[in-house]
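Hi,

Here is the structure I said I would pass along. Have a look at it first, and my notes on what turned up are underneath.

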Amino acid sequence: MLPFQPFNVELANGKTIRVIHPDFAYLSPAGRTLIVYGPDEVWSETIDVFLITNLSQGRATSARRRMQKG
């Protein structure tokens, strides 16, 4: 099994949320809600999984930065 790699959750509104450790993300039993904790182990985001548009690896960049570059 490969070691965990931090990843980004990209949402339909352009927001990107970084998941830095597998213990920092929790998928609800029904699979509809994703809860992500920040590096300080405090609840950070509650996400409707139907609004996730992409999962990516690498450093998180804001939608504003991506739009300025392109």
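**Salt bridges first**

Let me start with R32, which is partly exposed at 42% relative accessibility. Keep in mind throughout that this is a predicted model.

R32 is one half of a salt bridge with D48, and the closest N and O atoms of the two are 2.9 Å apart. D48 sits in strand β5 and R32 in the loop between β3 (25–27) and β4, so the bridge ties together parts that are 16 residues apart in sequence. You can find D48 in β5, which covers residues 43–48. The C-alpha atoms of D48 and R32 are separated by 6.0 Å, and the pair also shows up as a polar contact between the two side chains, at 2.9 Å. As for cover, D48 has a relative accessible area of 26%, so D48 counts as partly exposed.

How many salt bridges are there in total? The count comes to two. The other entry on that list joins the side chains of K15 and E45, with 3.0 Å from N to O. K15 belongs to the loop between β1 (7–11) and β2 (16–19), while E45 is in strand β5, so this pair ties together parts that are 30 residues apart in sequence. Is E45 buried or exposed? With 19% relative accessibility, E45 counts as buried, because the cut-off is under 20%. K15, its partner, is partly exposed at 36%.

So if you click through strand β5, you will meet a residue of each bridge there: E45 and D48.

**The overall layout**

Stepping back, the protein has one helix and six strands. Along the sequence, the order is β-β-β-β-β-β-α. The protein has 70 residues, and 23% of them count as buried. About 5400 Å² is exposed, with carbon and sulfur atoms supplying 57% of that area.

For the contact map, take the contacts with a separation of 6 or more: 39% of them are between residues 24 or more positions apart.

**S56 and its partners**

S56 gives you a concrete case of residues far apart in sequence, with N8 sitting 48 residues away along the chain and the two C-alpha atoms separated by 5.1 Å. S56 is in strand β6, residues 52–57. Which residues does S56 touch, once its neighbours within four places in sequence are set aside? They are F7, N8 and E10. With E10 there is a polar contact between side chains, at 2.8 Å. S56 is buried, with a relative accessible area of 19%.

**The aromatic pair**

F7 comes up again here. The structure holds one aromatic pair. It is made by F4 and F7, whose ring centres are 6.0 Å apart and whose planes are at 65°, so the pair is edge-to-face. The step from angle to label rests on the cut-off: planes over 60 degrees apart count as edge-to-face. Both rings belong to residues that are partly exposed, F4 at 33% relative accessibility and F7 at 22%.

**The loop between β4 and β5**

This is the spot I would like you to look at on screen. E41 is in the loop between β4 and β5, and E41 has a positive phi of about 65° although it is not a glycine. E41 counts as exposed, at 62% relative accessibility.

V42 is placed in that loop too, between β4 (33–37) and β5. What does V42 form together with Y37 and W43? The three make up a nonpolar patch on the surface, with about 310 Å² of accessible area together. V42 itself is partly exposed, having a relative accessible area of 47%.

That is what I have for now. Shout if anything looks odd when you load the file.

Cheers

Note on methods
Residues are numbered from 1 along each chain as its sequence is written. This is a predicted model: local features need pLDDT of at least 70, side-chain atom pairs count only at pLDDT 80 or more; totals for chains, interfaces and linings use all residues. Side-chain values use heavy atoms; hydrogens and water are left out. Helices (H or I, at least four residues) and strands (E, at least two) are DSSP runs, numbered from the N terminus. Buried means under 20% relative accessible area, exposed over 50%, partly exposed in between (1.4 Å probe, protein chains only). Contact means heavy atoms within 4.5 Å. Accessible areas come from the Shrake-Rupley method with a 1.4 Å probe; for residues, only the protein chains shown count as cover. A polar contact is a pair of N or O atoms within 3.5 Å; within protein, one must be able to donate a hydrogen and the other to accept it, and residues adjacent in sequence count only if both atoms are side-chain atoms. Patches are made of residues with over 30% relative accessible area and no salt bridge: like charges are joined within 9 Å, nonpolar side chains (Val, Leu, Ile, Met, Phe, Trp, Tyr) within 5 Å. A salt bridge is a side-chain nitrogen of Lys or Arg within 4 Å of a carboxyl oxygen of Asp or Glu. Rings of Phe, Tyr and Trp (its six-membered ring) pair if their centres lie within 6.5 Å; planes under 30 degrees apart count as stacked, over 60 as edge-to-face and the rest as tilted.
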